[in-house]
Amino acid sequence: MAEAPEAAWQRDTSVLVIAAHPDDEAIGAGRLLADHVGPVRCVTLTAGERCHGDHADLDDVARKRLREWAEALSVLGVTRVETRRWPDGDLAGHEGEATEVVAALAAEADVVLAPWRHDPHPDHEAAGRVGAAAAQTAGVPLWGYLVWTPYWFPAAEITRRGATLRVYPTSERAGRLRTEAIARHRSQIEPQHPAVRPVVPPELVDRHECQMLVQEPDEQNA
Ligand SMILES: [Zn+2]
């Protein structure tokens with residue numbers, strides 16, 4: 001893995017972080033966000049209301065998840081941006097609208113963070129494409145963060161696909177704050193039923209041993 005990206009991360013850099021679901025940024029970028037000196041804003045493109053299946057009360061799940069998101073962001077010192085949101089599981093069907101909203105926010109940022117566009121979840125892939133299009137429109141650099149990738153395949157697979165993988169050094173304190181932020185997502189880390197695994201298994205959280213960032217070859221502009 002290459003060394004940390006520096007140019008885009010000077011003090012007082014304004015960061016916009018995009019999530020597909022309310023816990024993505026804590027899992028995949030929590031250390032970086034906790035350590036960052038400068039304004040960080042976060043937007044989630046869905047409320048993650050389908051995480052317990054369609055039989056659940058979707059409005060109730062959405063409310064709960066957005067409450068957990070607000071709590072987790074305050075642990076990380078991140079400002080939440082309230083925007084329109086799109087259906088969990090079908091972000092790809094609304095990319096154009098989402099890109100317009102995110103591009104307007106990206107225009108006020110120095111760097112955009114979004115889920116890596118090949119992170120193995122359809123909404124994460126869509127959020128990655130939205131982030132790339134919005135960053136390009138706004139003329140700011142984009143970095144991808146990983147959510148499910150370390151759970152499903154080894155880091156070597158990322159570089160095999162032509163992307164650059166970097167380790168971004170963070171403090172021990174940032175690691176603790178990330179853990180604390182993820183703990184606020186109770187609906188994701190606690191089993192909803194004794195016989196069912198939690199939505200976010202502990203192995204997923206643990207496989208993020210450090211803060212990783214990814215950049216696609218056509219995004220190497222930071
Ligand atoms: Zn997600």
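The paragraphs below walk through three helices that pack against one another and then turn to three single residues in this predicted model.

A good place to begin is the pair formed by helix H1, which covers residues 24–35, and helix H2, which covers residues 58–76. The axes of H1 and H2 come within 9 Å of each other and cross at roughly 25°, and because angles under 35 degrees count as roughly parallel, these two helices are described as roughly parallel to each other. On the H1 side, the residues that take part are Glu25, Ala26, Gly30, Leu33 and Ala34, and they meet Trp69, Leu73 and Leu76 on the H2 side. Sorted by class, the residues of this contact are 6 nonpolar, 1 polar and 1 charged.

The third helix to follow is H7, made of residues 172–183, which packs against H1 at an angle of about 135°, the two axes being 8 Å apart. That angle makes H1 oblique to H7, and the crossing of the two helices is right-handed. In this contact, Ala26, Ile27, Gly30, Arg31, Ala34 and Asp35 of H1 meet Arg173, Ala174, Gly175, Leu177, Arg178, Ala181 and Ile182 of H7. The residues that make up the contact of H1 with H7 divide into 7 nonpolar, 2 polar and 4 charged.

H7 also packs against H2, here at an angle of about 170° and with the axes 8 Å apart. Since angles over 145 degrees count as roughly antiparallel, H2 is roughly antiparallel to H7. The residues that build this contact are Ala72, Val75 and Leu76 from H2, together with Leu177, Arg178, Glu180 and Ala181 from H7. By class, the contact of H2 with H7 has 5 nonpolar residues, no polar ones and 2 charged ones.

With the helices in place, it helps to look at some single residues, taking first one that lies in a loop leading towards H7. Serine 171 is located in the loop between strand S6 (164–168) and H7, and with a relative accessible area of 31% it is partly exposed. Although serine 171 and leucine 32 are 139 residues apart in sequence, their C-alpha atoms are 9.0 Å apart in space.

Another loop residue, histidine 36, is found between H1 and strand S2 (40–44). Is histidine 36 buried or exposed? Its relative accessible area is 12%, so histidine 36 is buried, given that buried means under 20%. A polar atom of the histidine 36 side chain lies 2.7 Å from the backbone oxygen of threonine 13.

The last residue to consider is arginine 186, which is placed in helix H8, residues 186–189. Its relative accessibility of 33% is the reason why arginine 186 counts as partly exposed. Which residues does arginine 186 touch once its neighbours within four places in sequence are left aside? They are Glu68, Glu71 and Gln192. With one of these, glutamate 71, the contact is described further, for the side chain of arginine 186 makes a polar contact with the side chain of glutamate 71 at 3.3 Å. A longer-range view is given by arginine 186 and leucine 73, which are 113 residues apart along the chain and whose C-alpha atoms are separated by 14 Å; leucine 73 is also one of the H2 residues that meet H1.

Terms used:
Residues numbered from 1 in each chain as written. Predicted model: local features only at pLDDT ≥ 70, side-chain atom pairs only at ≥ 80, totals over all residues. Heavy atoms only, no water. Helix = DSSP H or I, 4+ residues; strand = E, 2+ residues; numbered from the N terminus. Buried < 20%, exposed > 50% of the residue type's maximum accessible area, 1.4 Å probe, protein only. Contact = heavy atoms within 4.5 Å. Polar contact = N/O pair within 3.5 Å; in protein donor to acceptor, adjacent residues only side chain to side chain. Axes fitted to C-alpha atoms, helices over the stretch in contact; angles between N-to-C directions. Parallel < 35°, antiparallel > 145°, perpendicular 65-115°, else oblique. Left-handed = near helix turned anticlockwise from the far one by under 90°. Nonpolar A, V, L, I, M, F, W, Y, C, P; charged D, E, K, R; others polar.
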